[in-house]
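Subject: Structure handover

Hello,

Here is the structure I promised you. Please open it alongside this email; my notes follow below.

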Amino acid sequence: MGLRILKTLYKGKKKIGSASKMVADKAGKAGFTGTSKAITGASKKSHSGSRQVGKFVKKYPKLSSFAGGMATISFLDD
């Protein structure tokens, strides 16, 4: 389960990074440089956050599997 979380995390990080880069480029070309900087900054922070989560999952695979299972149960229960 922990490895599955890591695999999903890497795929999501790649998609978020490419989409935010595309949106930031469009905003910059349209003249919204402040918006472009904000998007780029948010993208960098989400990247560093996902790296920290990845390190945690590698260090504690059983705990991350438990957390993923609890989140799934609470999602399906509601």
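Phe66 is found in helix α3. Keep in mind that this is a predicted model. Phe66 has a relative accessibility of 53%, so it counts as exposed, the cut-off being over 50%.

Phe66 also belongs to a nonpolar patch on the surface. The other members are Phe56, Tyr60, Leu63, Met70 and Ile73. Together the patch residues have about 620 Å² of accessible area. Which helix gives the largest share of the patch? That is helix α3, residues 61-77, with 4 residues.

Next, the aromatic rings. The count comes to 1 aromatic pair. Phe56 and Tyr60 form that pair. Their ring centres are 5.1 Å apart, and the planes make an angle of 50°. The pair is classed as tilted because its angle falls between the cut-offs of 30 degrees for stacked and 60 for edge-to-face. Both rings come from residues of the nonpolar patch.

Are these two residues buried, exposed or in between? Phe56 has a relative accessible area of 39%, so it is partly exposed. Tyr60 has 38% and is partly exposed as well.

Now helix α2. This helix covers residues 33-59 and has 27 residues. From its first C-alpha to its last, α2 reaches 39 Å. That is close to the 39 Å expected at 1.5 Å a residue.

Which residues of α2 are buried? They are Ser36, Ser43, Ser50, Gly54 and Val57. As general background, an α-helix has 3.6 residues a turn, so residues three or four places apart point the same way.

Take Ser36 as one example from α2. Ser36 has a relative accessible area of 14%, which means that it is buried, since the cut-off is under 20%. What does Ser36 touch, leaving out residues up to four places away in sequence? Its contacts are Ala24, Ala27 and Gly28.

Gly28 is found in helix α1, residues 2-29. So the contact between Ser36 and Gly28 links helix α2 with helix α1. Gly28 has 31% relative accessibility and therefore counts as partly exposed. By contrast, its contact partner Ser36 is buried.

One distance to finish. Gly28 and Ser18 are 10 residues apart along the chain. Their C-alpha atoms are separated by 15 Å.

Best wishes

Note on methods: Residues numbered from 1 in each chain as written. Predicted model: local features only at pLDDT ≥ 70, side-chain atom pairs only at ≥ 80, totals over all residues. Heavy atoms only, no water. Patch = residues over 30% accessible without salt bridge, like charges linked within 9 Å, V, L, I, M, F, W, Y side chains within 5 Å. Areas by Shrake-Rupley, 256 points an atom, 1.4 Å probe, with all protein chains shown as cover. Salt bridge = Lys/Arg side-chain N within 4 Å of Asp/Glu carboxyl O. Helix = DSSP H or I, 4+ residues; strand = E, 2+ residues; numbered from the N terminus. Buried < 20%, exposed > 50% of the residue type's maximum accessible area, 1.4 Å probe, protein only. Phe/Tyr/Trp six-rings, centres within 6.5 Å; stacked < 30°, edge-to-face > 60°. Expected span 1.5 Å × (residues − 1). Contact = heavy atoms within 4.5 Å.
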